[in-house]
Amino acid sequence: QTWFFSDAEDEEYQNKTGGHLVNTKCSPTHHWRDLCCKMAQEIDLYFDSYKRWWCHFDDDNYVNVASLARILGKYNPMQDWYLGKPTVLWKINKWGKRK
């Protein structure tokens with residue numbers, strides 16, 4: 001399943017995605033609190049789905065789904081994995097400031 005997350009309602013894309021557009025109702029800014037709000041909505045949907053894998057891609061990413069499925073097939077979905085790179089190069093404390 002593929003889900004799309006937005007900070008606004010969009011009837012056209014709701015129809016194009018077969019009802020898989022989620023309005024997070026989060027602020028549209030790129031402030032860390034708003035980004036966390038959006039990510040929390042994604043994580044909640046994943047946990048509610050009981051799926052084995054969850055992948056997050058931004059709107060400026062290209063994904064080769066066949067290659068992704070082949071790579072994920074090498075990992076045990078019963079174990080915790082983080083594949084990718086962090087958004088920032090420094091650690092962030094709970095207030096969003098550099099450590």
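The following dialogue asks how the terms used for this predicted model are justified by its values.

Visitor: What kind of model is this, and how are its residues numbered?

Guide: This is a predicted model, in which local features need pLDDT of at least 70 and side-chain atom pairs count only at pLDDT 80 or more, whereas totals for chains, interfaces and linings use all residues. Residues are numbered from 1 along each chain as its sequence is written, and side-chain values use heavy atoms, with hydrogens and water left out.

Visitor: How many helices and strands are there, and what pattern do they follow?

Guide: The protein has three helices and two strands, where helices (H or I, at least four residues) and strands (E, at least two) are DSSP runs numbered from the N terminus. Along the sequence they give the pattern β-α-β-α-α.

Visitor: Why is Thr24 called buried?

Guide: Buried means under 20% relative accessible area, exposed means over 50%, and partly exposed lies in between (1.4 Å probe, protein chains only). Thr24 has 6% relative accessibility, so Thr24 counts as buried. The residue sits in the loop between E2 and H2, and, with neighbours within four places in sequence left aside, Thr24 is in contact (heavy atoms within 4.5 Å) with Phe5, Ser6, Asp7, Lys38 and Gln41. In the protein as a whole, buried residues make up 11% of the 99 residues.

Visitor: What makes Lys25 exposed, and what is noted about its phi?

Guide: Lys25 has a relative accessible area of 68%, and therefore Lys25 is exposed. Lys25 lies in the loop between strand E2 (21–23) and helix H2 (32–49), and its phi is positive, at about 60°, although Lys25 is not a glycine. Tyr50 likewise has a positive phi of about 60° without being a glycine; it is found in the loop between H2 and helix H3 (65–72) and, at 75% relative accessibility, counts as exposed.

Visitor: How do you know that Lys38 and Asp7 form a salt bridge?

Guide: A salt bridge requires a side-chain nitrogen of Lys or Arg within 4 Å of a carboxyl oxygen of Asp or Glu. The side chains of Lys38 and Asp7 meet at 3.7 Å, N to O, and so satisfy that rule. This pair links distant parts of the chain, since Lys38 is in helix H2 and Asp7 is in the loop between strand E1 (4–6) and helix H1 (11–16), 31 residues apart. Lys38 counts as buried at 16% relative accessibility, while Asp7 counts as partly exposed at 30%.

Visitor: Which other residues form a salt bridge, and how are they separated in helix H1?

Guide: The count by this rule comes to two salt bridges, and Glu12 forms one of them with Lys16, their closest N and O atoms being 3.0 Å apart. Because Glu12 and Lys16 are four residues apart in helix H1, they are separated by about one helical turn. Glu12 is partly exposed, with 46% relative accessibility, and Lys16 is exposed, with 57%.

Visitor: What makes Lys16 count as lying over the face of Tyr13?

Guide: A charge sits over a ring if NZ of Lys or CZ of Arg is within 6 Å of the ring centre and within 35 degrees of the ring normal. Lys16 is placed over the face of Tyr13, at 4.9 Å from the ring centre.

Visitor: Why is the pair of Tyr46 and Phe47 called tilted?

Guide: Rings of Phe, Tyr and Trp (its six-membered ring) pair if their centres lie within 6.5 Å, and planes under 30 degrees apart count as stacked, over 60 as edge-to-face and the rest as tilted. The count by this rule is three aromatic pairs. In Tyr46 and Phe47 the ring centres are 5.4 Å apart and the planes stand at 45°, so the pair is tilted. Phe47 is exposed at 53% relative accessibility, and Tyr46, Phe47 and Trp54 form one aromatic cluster.

Visitor: What makes Leu35 partly exposed rather than buried?

Guide: Leu35 has 39% relative accessibility, and so it counts as partly exposed. Leu35 is placed in helix H2 and touches Thr29 and His30, when residues up to four places away in sequence are not counted.
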